[in-house]
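Visitor: Could you walk me through this structure, one question at a time?
Guide: Gladly; here it is.

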Amino acid sequence: MSVAPENYVGLSAVLFFIGVVGVIARRNPLIMLMSIELLFNASNLALVTYARAWVNNVGHIFAFLVITVAAAEAAIALAIVVVTFRSRRFVDVDEVSALKG
Amino acid sequence: MVLLYLVWLLPLIGAIALWAFGPQLKSWAGPIGSALIFVPFAATVFLWNDAVAPHGLHAPLVSWLAGWDFGLQLDRLSLVWTLIITGVGFLIHVYSIGYMDGDRAFARFFAYMNFFVFAMLTLVLSDNVVGLLVGWGLVGLASYFLIGFWFYKPTAVSAARKAFVMNVVGDVGILFAIFLIVSRTGAIGYGAVFHAFTPVQSVFSPHDMFLIALGLFIGCAAKSAQVPLHTWLPDAMEGPTPVSALIHAATMVTAGVYLIARFAPLWSSSPDAQELTGVIGAVTALGGAILGCAQWDIKRILAYSTMSQIGYMIMGVGVGAYDAGVFHFLTHAFFKAQLFLGAGIVIHALANEQDVRRMGGLRKTLPFAFVAMLTGVLAISGVPGFSGFFSKDAVVYGALETGHPWLYAVGVLTAGITAYYMFRLLFVTFFGAYRGNVDPSDLGIRHPELAGTASTAASSGHHPEEEEPHHHAPSWLMSGPVAILILPTILIGWLDFGGAGSRWQQFFEGFFPHPSSIAYPPVELRGPGFMSSELLTTVVLLVVVVIGFAIAYVRYGASPALRGAISRLRTETIRMPGVLANAYYFDAAYEALFVKPAYALGRWFYRVVDPHVIDAGVREVPISAQWLGHLFRSFQTGLVRAYALTIAVGVVCFVAYYAFAFTGGAR
């Protein structure tokens, strides 16, 4: 039994929307990072779905690329969060605005 | 043919070698430079028989475009010039070894001189109009180098610059003439170009031919110091005296004569050009001679006499008496070189004194210089038997023969003035008592460096503590070439003895086109029946010359004049008319017409254009960058979530646009 691709794409869109709202609405950087992971994986799900539907391996390969980039991003972002917390003692992203123009 | 390449290239090799290895060669630079001029001279003599053949000797060099072949050509006309350039050039090189001895740039001097000879040979040996222009430009460059040779003298530097700028004016004239020629004929070789000038071919309208001749003549006027482009020549005397002898008397300044003689087919087909050239030549001859009467600097007197004599030559070749004009070039090269070299001996002996008022009585202390100058003066004044007599007679008779009685009259008058100012030079310099130890202000001289401290100041070159002049005799290196030059100064004129059948006329038989007697019928002087017109013109010329000599003798040579020389010279200096002392205000006019406006334009650019256009434009770049940055800094809130929202909204807009564009556009 197979599930129709529209369902996967719909799930991907829902996940993506949740991720966008999480990034924009929350001020905790850890939550924001998790939301970004949601964004990545929503797009991964869409890529894999379309790859299966159109019998084209490019989507699979691209999903692997996204996973790699996501891992690198998580490492750097968590490092930034840790460094910020050590120097500022708080982790509200709205307070971290030293590069304000 | 190989020899011809050698003639052309040896001076260039010499110039490069002396320039590159001058410091190592030390005093060998002079002999090497001289030898590299003598070998081409000997080779040219060796090539004589080939050169006098009807079409001359031809040596190809390179082909550029189709029909644009560059080569060397030695025919009768360029043979005359090549022999003078290398022959007289060699003598002057030898003289320079003595004259320039001890100069700190000895080798550089000979490198420049060899370069000049190479440039001049390029000019006269080229077989096409482009090569001619190349040589024309290079001699101007060599002249610039050598006038400004003593570059620590500001006057020498400005004189060199002036000469170069005025010569470039002439170069541009020739360039435009070449443009016209090439645009109509497509060829640059003399043979093809001159073929197009013959009336049968009618490639050029008379108007075009006049324009070409005008362009070429602007070049001649600049190079050969013809009115109104003559003002650089007297200033060019700032260079060392051998340079004045070789470049600004014997060879380079006669390039204009060569050009017109070379383009004889053009001039013979364009009566307007002949008229213009003849008149300018006559005006220059007369104007230069009159200015020669008003000068006290020995080299400037000779410079104005050069200008005047070249006026004769230009008048001769201009009216169609080509062989007479070229003959005057030949004799002038000898006697004027000799006059300059003799003057150089005097200047050298008196430690760079050039003012004839501070000379006098040098006949006894410098007898050799006196003999040299005397023969030169006799030749230039046109005393029978000396070379200048024959050639000057030929030129003025040529003017009459080609139907220009007014030019003839000016030529005769100028001959009288020439005799006057040349004998004036001779009397003031060599007769009477020595005046070098007289206070300059007693002679009416207002030397800026001598005024005020006249008796005590030891300015450079003058040694007031020396009561008796230190007249050191010239070395054999200086007197030898002058002694050799005395022979042709006296004898070369006899080549043209005997009218139509003379050796000179035979030499150029069939080379130049015949003067067009249709435009101007020949004029004959009518005298007593037993005298031919030719003989009568000679007699008239001689009478005028004798009158000129007599006036000079009464004013400067007779014993009362010699006794009162100091007070006489003082009065004359003070009473000198301003128009003569300032050389007809040509320099002042150029100053007011060109130099001042150019400075004013420069100041306007400096005050207005530079700060308000260029600098302001440069300043606008950072100012606009700053403004742009100010505009966008409000977006940098520092709020990460605001950035994220911006990105999200942007993505939504982006996707929405494409969604509408593709779905909506497809319907």
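What follows is a set of questions and answers about this model.

Visitor: Before we start, how are residues, chains and ligands labelled, and what pLDDT do local features need?
Guide: Residues are numbered from 1 along each chain as its sequence is written, while chains are lettered from A and ligands numbered from 1 in the order in which they are written. This is a predicted model, where totals for chains, interfaces and linings use all residues, side-chain atom pairs count only at pLDDT 80 or more, and local features need pLDDT of at least 70.

Visitor: What share of chain B counts as buried?
Guide: Chain B holds 28 helices and two strands; helices (H or I, at least four residues) and strands (E, at least two) are DSSP runs, numbered from the N terminus. Its C-alpha trace spans about 120 × 75 × 50 Å along the principal axes. A residue is buried if 20 or more other C-beta atoms lie within 10 Å of its own, exposed if 12 or fewer, and partly exposed in between, with C-beta atoms placed from the backbone. Of the 667 residues of chain B, the buried share is 48%.

Visitor: Of the contacts in chain B with a separation of 6 or more, what percentage joins residues 24 or more positions apart?
Guide: Two residues are in contact if their C-beta atoms, placed from the backbone, lie within 7 Å. For residues 24 or more positions apart, the share of those contacts in chain B is 79%.

Visitor: Which residue is at the centre of the kink in α16(B)?
Guide: The 28 residues of α16(B) should span 40 Å at 1.5 Å a residue, and the end C-alpha atoms are 40 Å apart, which agrees; the expected span is 1.5 Å times one less than the number of residues. The bend at a residue is the angle between axes fitted to the seven residues ending there and the seven starting there. In α16(B) there is a kink of about 30°, and its centre is His332(B).

Visitor: Which element gives the largest share of the largest nonpolar core?
Guide: A nonpolar core is a set of buried Ala, Val, Leu, Ile, Met, Phe, Trp, Tyr and Cys residues joined through C-beta atoms within 7 Å. The largest one has 199 residues, and those with the most contacts inside it include Phe116(B), Ala337(B) and Val346(B). The largest share, 18 residues, comes from α16(B).

Visitor: And how many of the 28 residues of α16(B) are buried?
Guide: This helix is mostly covered. The number of buried residues in α16(B) is 28.

Visitor: What is the phi of Asn352(B), and is that residue buried or exposed?
Guide: Ala351(B) and Asn352(B) are both in the loop between α16 and α17 of chain B. Ala351(B) has a positive phi of about 55° although it is not a glycine, and it is partly exposed because 16 other C-beta atoms lie within 10 Å. Most residues other than glycine have a negative phi. Asn352(B), with 10 C-beta neighbours inside 10 Å, counts as exposed, and its phi is about 65°.

Visitor: Which residue follows the cis peptide bond, and which comes before it?
Guide: Most peptide bonds are trans. Here a bond with omega of about 5° is cis, and its proline lies in the loop between α9 (206-223) and α10 (232-235) of chain B. The bond joins Val227(B) and Pro228(B).

Visitor: Which residue stands opposite Ser63(B)?
Guide: Strands β1 (residues 57-63) and β2 (residues 69-74) of chain B pair in the antiparallel sense over six bridges; two strands pair if DSSP finds at least two bridges between them. They form a hairpin with five residues between them, and Gly67(B) in the turn has a positive phi of about 80°. Opposite Ser63(B), in β2(B), stands Asp69(B).

Visitor: Turning to chain A, how far is Leu45(A) from Ser12(A), C-alpha to C-alpha?
Guide: Leu45(A) is in helix α2 (residues 29-53) of chain A. Leaving aside neighbours within four places in sequence, Leu45(A) is in contact with Tyr8(A), Leu11(A), Ser12(A) and Leu15(A). Leu45(A) and Ser12(A) are 33 residues apart along the chain, yet their C-alpha atoms are separated by 6.0 Å.

Visitor: How many residues does chain B bring to the contact with chain A?
Guide: Chain A brings 10 residues, and chain B brings 12.
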